[in-house]
Amino acid sequence: MLQLLFDDKYALWSDLIHRGSDRLFLATEDTPEIGSRVPLEIRAKAGGLPIRLNVEVVARRPRSRRFQAGCYIRLDGESLDKCRRFLGLEPPGAAYQRARRSARVHTEVRVRVETPAGEKRGTTRNLSSTGAFLVVPASLNPGERLQLVLELPDGEVEVEADVQWGSKNGHNAIGVRFVALSVADRTRIEAHVLRTLTLLRQGAVKGPAPVVVADDDPAIIDLLVTALSRHDFEVYEARTGPDALSLIRQLHPRVVLLDILMPGLDGVDICKTLRSDGELFAVPVIFISALEEEALERVADEAGASDFLSKPLVLADLLNMVGEYLRG
């Protein structure tokens with residue numbers, strides 16, 4: 001059986017999942033026939049169960065003075081999907097369907113909400129023409145239909161909205177999607193969003209500085225949350241790729257710190273999704289990874305990331321970089 005050994009899961013992801021594997025060389029004295037399918041075992045030095053695949057031999061190379069003998073193999077889509085599942089990743093491209101096309105902005109608009117317990121008053125944390133992130137003193141569940149009144153500076157807008165996600169972490173925060181907005185109401189909300197975006201960019205108003213940090217390592221999450229919270233950043237955490245993308249869409253953060261390899265979606269897919277999203281394309285994305293620095297720089301550049309930091313993290317570098325992108 002042919003064997004392929006990687007230093008760790010990051011190297012496996014980088015060399016197989018990210019780069020692709022139409023022609024992968026394996027040093028071996030075996031002489032499998034070109035066009036045949038042979039068993040391959042993939043292992044990581046750090047341990048764990050191996051991945052066992054059947055792969056196609058596409059070429060062979062004899063030993064020479066300079067190079068080892070071996071064969072070139074190709075992993076088909078099914079084999080790559082098996083490697084993705086081993087790393088806990090979704091199928092490729094699954095994230096891109098979640099991209100938005102409407103602008104969203106941090107803005108505290110007062111809102112009245114009709115709930116089963118009566119009318120409640122709250123505020124938006126962010127707002128777009130398609131929905132909002134609200135803080136309301138009520139427990140509301142996904143699927144509920146609400147009647148809202150948004151108290152915009154130029155008058156009130158009455159809208160219906162469906163709750164997309166319910167209260168989290170005791171903050172009475174809910175995400176809502178507007179239902180059947182009239183053209184006039186949509187235009188008024190869009191005008192408020194665009195005015196606020198312009199003022200924020202000009203520095204005429206100050207918005208909060210939410211930062212999303214995403215990593216499946218609890219120690220890294222604790223470090224990031226503790227360090228950034230002490231410097232007055234509003235930190236939100238995620239430990240899987242889908243949770244990170246969902247949180248980014250809800251919050252429209254000022255900065256995102258992303259591990260490259262997380263369950264569900266890797267950081268590259270998330271970053272590519274943000275860069276193709278009309279609402280989120282300008283959000284600074286900083287990769288944090290244990291990948292070797294040269295490989296990390298290449299991956300960050302290809303994905304469209306703003307910057308990167310290598311693990312283990314240096315606290316001063318982290319704070320300086322986050323501060324730089326918040327000032328930008």
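## Ground rules

In this report, a residue counts as buried when its relative accessible area is under 20% and as exposed when it is over 50%, with partly exposed covering the range in between. Please keep in mind that the structure you are looking at is a predicted model.

## A salt bridge between E3 and E4

Let's start with a pair of opposite charges. Which residue forms a salt bridge with Glu41? The partner is Arg52, and the closest N and O atoms of the two are 3.0 Å apart. Glu41 belongs to strand E3 and Arg52 to strand E4, so this pair connects distant parts of the chain, eleven residues apart.

The two ends of this bridge differ in how much of them a probe can reach. Glu41 has a relative accessible area of 5%, which means that it is buried. Arg52, at 46%, is partly exposed because this value falls between the cut-offs of 20% and 50%.

## Lys45 in the loop

Between strand E3 (37–44) and strand E4 (51–61) there is a loop, and Lys45 sits in it. Is Lys45 buried or exposed? Its relative accessible area is 56%, so Lys45 is exposed.

Exposed as Lys45 is, this residue still has contacts from elsewhere in the chain. If residues up to four places away in sequence are not counted, Lys45 touches Leu5, Phe6 and Asp7. For Phe6, there is also a backbone distance to check in the model: its C-alpha atom and that of Lys45 are separated by 6.1 Å, although the two residues are 39 apart along the chain.

## The two sides of helix H2

Helix H2 spans residues 77–86, and Ser79 is part of it. With a relative accessibility of 6%, Ser79 falls under the 20% cut-off and so is buried. Neighbours within four places in sequence aside, Ser79 is in contact with Leu53 and Asn54.

Which residues of H2 are buried? They are Ser79, Cys83 and Arg84. Because these three cover an arc of only 145° around the axis, they are on the same side of H2. A general point about helix geometry helps here: with 3.6 residues a turn in an α-helix, residues three or four places apart point the same way. Glu78 and Arg85 are exposed, and they are found on the other side of H2. After the helix comes Gly88, which has a positive phi, near 80°.

## Strand E7 and its partners

Strand E7 (residues 110–115) runs antiparallel to strand E8 (residues 118–128), and six bridges join the two. The connection from E7 to E8 is a hairpin of two residues. E7 also pairs with strand E10 (residues 145–152), again in the antiparallel sense, over five bridges.

Arg112 is a handy residue for finding your way around here. In E8, the residue opposite Arg112 is Arg121, while in E10 the residue opposite Arg112 is Val149.

## Charges around Arg112

Arg112 is buried, as its relative accessible area is 16%. Where does its charged side chain find a partner? Arg112 forms a salt bridge with Glu156, with 2.9 Å between the closest N and O atoms. Since Arg112 is in strand E7 and Glu156 is in strand E11 (residues 155–165), the pair ties together parts of the chain that are 44 residues apart in sequence. Glu156 counts as partly exposed, at 43% relative accessibility. Both residues belong to a network of salt bridges that links Arg110, Arg112, Glu119, Arg121, Glu151 and Glu156.

Strand E11 takes part in another bridge, in which the side chains of Glu160 and Arg145 meet at 3.7 Å, N to O. Glu160 is in strand E11 and Arg145 in strand E10, so parts that are 15 residues apart in sequence are tied together. Glu160 is partly exposed with a relative accessible area of 30%, and Arg145, at 46%, counts as partly exposed too. How many salt bridges does a search of the whole structure find? The search finds 17.

## Cysteines

Lastly, a word on sulfur. A disulfide is a covalent bond between the sulfur atoms of two cysteines. How many disulfides are counted when the sulfur atoms of a pair must lie within 2.5 Å? The count comes to zero. Cys71 is buried, since its relative accessible area is 0%, and Cys271 is also buried, at 0%. Cys83 is one of the buried residues of H2.

Note on methods:
Residues are numbered from 1 along each chain as its sequence is written. This is a predicted model: local features need pLDDT of at least 70, side-chain atom pairs count only at pLDDT 80 or more; totals for chains, interfaces and linings use all residues. Side-chain values use heavy atoms; hydrogens and water are left out. Helices (H or I, at least four residues) and strands (E, at least two) are DSSP runs, numbered from the N terminus. Buried means under 20% relative accessible area, exposed over 50%, partly exposed in between (1.4 Å probe, protein chains only). Contact means heavy atoms within 4.5 Å. The arc is that of the directions from the helix axis to the C-beta atoms. A disulfide is a pair of cysteine sulfur atoms within 2.5 Å. Two strands pair if DSSP finds at least two bridges between them. A salt bridge is a side-chain nitrogen of Lys or Arg within 4 Å of a carboxyl oxygen of Asp or Glu.
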